[in-house]
Amino acid sequence: MKRPGVLVVWLAALAAAAVLLAGPICPANAAPDERDPDATLGVVYADGRQTEDISLFRLERGSDELYISAFDLARIFKATKYWSPGVRKLVLRIDAHRYLFTLDTRVVLVDDEPVLLRVPVRYIDGSVMIPLEFIAEVLTPRSGDEVELDEERFVLTLGTPEYSITDISFVEDEDGTRAEIHLSEELLYHVDSETPGLLRIKIYGGKLNPLKLTIPEGRGLFNRVRAEQAEHDAYLFFDVKRTAARFKVEFETAGTVLERERKLIIFLEKGELPEIPDVDYAGKKMLEILDDETAGMEQEPVRVVAIDPGHGGIDNGKVGVSGVLEKDVNLEVSLMLRDRIAAELGIEVVLTRVDDQLIPFDQRVEIANSAGADIFISIHCNGWYNTKAGGFETLFLSPARTEDEARLAREENASIRYENPDLDPDEVDDLDFILWDMVQNEFINESSDLAEIVQRELDGVLEIRNRGVKQGGLRVLKGLTMPGVLVELAFLSNPREEKLLEDRDFRDDVVRGIVEAIRKYEGMRSAGYRR
Ligand SMILES: [Zn+2]
């Protein structure tokens, strides 16, 4: 996503296109996907599809009209396509309407009514190209309020999503500037201040409209805000002025409980610092300044790590397509982890089980708590009905947000049935939601930090799909008096990944990634990272 810079790019591309047109190679001869786009259209979906950038092309000599390929258009609008090369006609069915295009013709038949475009539909190396004007002038008026094209910023919004991050407002006073993020429900967040002058707020399970929440000019100590929607989570990037001395991110402390949870406040404090002209130096300075916040909050280094091999005994966990048992993989990887953590980091490791037996959740927690562990890492393998599902993910404890996260939490929690066969699984879920915030609440920020680091380090060593950091109401992490995460290494239901889970090199990579994550997390903590 590069919304704020898009017009600049657009103008530069215009100049480049003019040069190309004058030269011996006519860009019209290149297939649209082989040539550089003349502009980019950001598409924001309400149906959960990920925000994406679509290439736009200028095909008419001496004209500013932009084109989108019929392929992209059909995909974006989930249209049915009929292409008839003999008569050079294309039909798109979008919702209740039928649109008939004829190549090199400006007339579009909309449900048999002719509509005249400014430029003709074109055919370039295997792609039918539709003028962008079609979206603005033909599709939008027929969409109800479902389609919105911002032609100035090149953003197309489809549908009216249920946003949970609804607004950002600013309040300035003599001490500094507050940015208030308005939420329609309670959501968890993660702050990253590693890039100087930039605060990145990840809001787990958040839904926002990037078009609305990207603010080109902030107020006070905020330069601007960039908003992005990813598949599961939302991101807000706050550009911070160099005169900001310190920052603080927290939920509103005034008002009713509901109001407090519904307003996330970023407070930037004004500093005494003069404006620093040199950019590099200023950048470094900013990092020091932001890190200063943490100076008084020195944390304990990591001394003991608890590793929890999931399942065991009569509880096999997931069973692979060719019969590999999750409990065995979990234990073997955990034993490797124990040795490598001790050897490379010199950190004491406590395991919740060292052989093939079922240890109840409570007892696992008790082992970690009484060992005074500083972090808790539970090792698991994933599984799903579809054998193509794959990848690794890291979870931390919280009320599960999405269907998939709830599913994973349910499955991992199912072990409790072996501990207490009379318990109804639905009761387990209820129990989860009552208990989840009692103890772990205070560790959620650290747990999400740890989960982000583990996921990032595994991404550096594993070739399989990165499924991201998720949150789940995980029974095994309940009652821990330390930050804890659960790692799903790969899918036993996926034949290729089942093989990997048995593979020495793959296990080595996993162990290397987790050891590195502990090292990074430890570094962050002992440097007095803020939250
Ligand atoms: Zn498991």
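Contact here means heavy atoms within 4.5 Å. Keep that in mind for the exercises below. This is a predicted model, where local features need pLDDT of at least 70 and side-chain atom pairs count only at pLDDT 80 or more, while totals for chains, interfaces and linings use all residues. Residues are numbered from 1 along each chain as its sequence is written, and side-chain values use heavy atoms, with hydrogens and water left out.

**Exercise 1. Place Leu158 and list its contacts beyond its sequence neighbours.**

Step 1: Find the element. Leu158 belongs to strand E12, residues 155–158. (Strands, E, are DSSP runs of at least two residues, helices, H or I, of at least four, and both are numbered from the N terminus.)

Step 2: Check the burial. Leu158 counts as buried, because its relative accessibility is 12%; the cut-offs are under 20% relative accessible area for buried, over 50% for exposed, and partly exposed in between, with a 1.4 Å probe and protein chains only.

Step 3: Collect the contacts. Once neighbours within four places in sequence are set aside, Leu158 touches Val43, Val44, Tyr45, Ala46, Ile76, Phe77 and Glu146.

Step 4: Pick one partner and get the distance. From Leu158 to Ala46 it's 112 residues in sequence, yet 6.0 Å in space from C-alpha to C-alpha.

**Exercise 2. Work out which residues of helix H8 are buried and how they sit around the axis.**

Step 1: Go through residues 361–370. Phe361, Arg364, Val365 and Ala368 of H8 are buried.

Step 2: Look down the axis. These four cover an arc of only 95°, so they're on the same side of H8. The arc is that of the directions from the helix axis to the C-beta atoms.

Step 3: Recall the general rule. An α-helix has 3.6 residues a turn, so residues three or four places apart point the same way.

Step 4: Turn to the other side of H8, where Asp362 and Ser370 are exposed.

Step 5: Step off the end. Just after H8 comes Gly372, with a positive phi of about 65°.

**Exercise 3. Compile the phi, the loop and the exposure of Arg88 and of Asp95.**

Step 1: Start from the background. Most residues other than glycine have a negative phi.

Step 2: Take Arg88. Its phi is positive, about 55°, although Arg88 is not a glycine. You'll find Arg88 in the loop between strand E4 (80–84) and strand E5 (89–94), and at 37% relative accessible area Arg88 is partly exposed.

Step 3: Take Asp95. Here phi is near 50°, again positive in a residue other than glycine. Asp95 sits in the loop between E5 and strand E6 (97–102), and is exposed at 74% relative accessible area.

**Exercise 4. Describe the largest pocket and the largest cavity.**

Step 1: Settle the terms. On a 1 Å grid over the protein atoms alone, a cavity is a set of points where a 1.4 Å probe fits but cannot get out, and a pocket is an open set with protein on both sides within 12 Å along at least five of seven lines; lining residues have an atom within 4 Å of a point. Volume is the space filled by probe spheres set on the points, which are joined across faces, edges and corners.

Step 2: Do the pocket. The largest pocket has a volume of about 590 Å³. It's lined by 26 residues, with Lys202, Tyr235, Asn466, Gly468 and Val469 the closest to its centre.

Step 3: Trace the pocket lining to its elements. Strands E15 (189–192), E16 (198–203) and E25 (466–472) and helix H12 (444–461) each give at least two residues.

Step 4: Sort the pocket lining by class: 13 charged, seven nonpolar and six polar. (Ala, Val, Leu, Ile, Met, Phe, Trp, Tyr, Cys and Pro count as nonpolar, Asp, Glu, Lys and Arg as charged, and the others, Gly among them, as polar.)

Step 5: Do the cavity. There are four cavities of 30 Å³ or more, and the largest holds about 110 Å³ of space. Of its 15 lining residues, Tyr45, Gly48, Arg49, Lys207 and Gln229 are the closest to the centre.

Step 6: Sort the lining of the largest cavity: eight nonpolar, four polar and three charged residues.

**Exercise 5. Sum up the protein's secondary structure and burial.**

Step 1: Count the elements. The protein has 14 helices and 26 strands.

Step 2: Get the buried share. Of the 531 residues, 52% are buried.
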